[in-house]
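Me: I have a structure open and would like to learn how to read it feature by feature. Could you walk me through it?

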Amino acid sequence: MTARILILGIGNPGRGDDGLGPAAAAAIARMALPSVTTSDPYQLAIEDAADIAEHDVIWFVDATMSGIDPYTVDEIHPATEIGFTSHVLSPHAVLGIARDYFSRTHRAFLLAIRGYNFAFSEALTPQAAENLADALAMLTRRLRDTGTEP
């Protein structure tokens, strides 16, 4: 059975490098890989748990203001305590909701791509664009394999 994979590209494309997540999701969508679905929410919401529940492997892709160039990958797990406000819901919390309300557990990864400028702009910085290309090369390899093993 082929794993159903969901790519969630999180971020605001109107805030410069914060658009790395949506840019990654758009690039993966253009590849039209079998069993891969993409979404580019501005931020995570409770409703995303329903989409997550329909998939086997989840990749959260987001920009980070700090960290190692060009990207980091961490396997993540559902939060045991789910806390959120009207504007912030973590990948861990959404996985927890999928687990608690849809009885689904998943392999899940957070791909954090290093960004540099988060001011109002619809363009990625050249450094962030290079980091995106490196991250997409890795992610594409993983998606073609099984969607896992960073």
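Reply: Happy to; we will go through the sheet, a helix, the cores and two single residues. Keep in mind that this is a predicted model.

Me: Let's begin with the sheet. What is the order of its strands?

Reply: With a sheet, follow the pairing from one side across to the other. Here five strands form an open sheet in the order β2-β1-β3-β5-β4, and the pairing is mixed. β2 (36-39) and β4 (71-76) are the edge strands, each pairing on one side only. On average, neighbouring strands of this sheet are turned by 20° against each other, with direction ignored.

Me: How many bridges join β1 to β3, and how many join β1 to β2?

Reply: Look at each pair of strands in turn, and then at which residues face each other. Strand β1 (residues 5-9) runs parallel to β3 (residues 57-64), and five bridges join them. In this pairing Leu8 stands opposite Phe60 in β3. On the β2 side, four bridges hold the match, again with parallel strands, and Ile7 stands opposite Thr38 in β2.

Me: What is the handedness of the unit made by β1, α1 and β2?

Reply: Trace the path from one strand over the helix to the next. In this case β1, α1 and β2 make a right-handed β-α-β unit.

Me: Which residues of α1 are buried?

Reply: An α-helix has 3.6 residues a turn, so residues three or four places apart point the same way. The buried residues in α1 are Leu20, Gly21, Pro22, Ala24, Ala25, Ala27 and Ile28. Their cover includes β1, β2, β3, β5 and α4. As for length, α1 has twelve residues and reaches 17 Å from its first C-alpha to its last, close to the 16 Å expected at 1.5 Å a residue. Just after α1, Ala32 takes a positive phi of about 50°.

Me: Now the interior. Which members of the largest nonpolar core touch the most other members?

Reply: In soluble globular proteins, nonpolar side chains tend to be buried together. The largest nonpolar core here has 23 residues, and Ile7, Trp59, Leu111, Leu139 and Leu143 touch the most other members. At least two residues of this core come from each of β1, α1 (20-31), β3, β5 (107-114) and α4 (126-145). The most come from α4, which gives seven. Another core, of 16 residues, lies apart from it and includes Ile10, Ala49, Val94 and Ala98.

Me: What is Leu111 in contact with, leaving aside neighbours within four places in sequence?

Reply: Contacts with residues beyond the sequence neighbours are the ones to list. Among those of Leu111 are Trp59, Phe60, Tyr71, Val73, Ala135, Met138 and Leu139.

Me: Is Asn131 buried or exposed?

Reply: Compare the relative accessible area with the cut-off, which for buried is under 20%. Asn131 has 6%, so Asn131 is buried. Its place is in helix α4. Setting aside neighbours within four places in sequence, Asn131 is in contact with Asp69, Pro70, Tyr71, Ile113, Arg114 and Tyr116.

Me: And why does Ser35 count as partly exposed?

Reply: Use the same kind of reading. Ser35 counts as partly exposed because its relative accessibility is 32%, and partly exposed lies between 20% and 50%. Ser35 sits in the loop between α1 and β2. Outside its neighbours within four places in sequence, Ser35 is in contact with Thr2, Ala3, Arg4 and Ile5. The C-alpha atoms of Ser35 and Leu6 are separated by 8.5 Å, although these residues are 29 residues apart along the chain.

How values were computed: Residues numbered from 1 in each chain as written. Predicted model: local features only at pLDDT ≥ 70, side-chain atom pairs only at ≥ 80, totals over all residues. Heavy atoms only, no water. Pairing = 2+ DSSP bridges. Axes fitted to C-alpha atoms, helices over the stretch in contact; angles between N-to-C directions. Core = buried A, V, L, I, M, F, W, Y, C linked by side-chain atoms within 4.5 Å. Buried < 20%, exposed > 50% of the residue type's maximum accessible area, 1.4 Å probe, protein only. Contact = heavy atoms within 4.5 Å. Right-handed = clockwise from strand over helix to strand, strands pointing away. Expected span 1.5 Å × (residues − 1).
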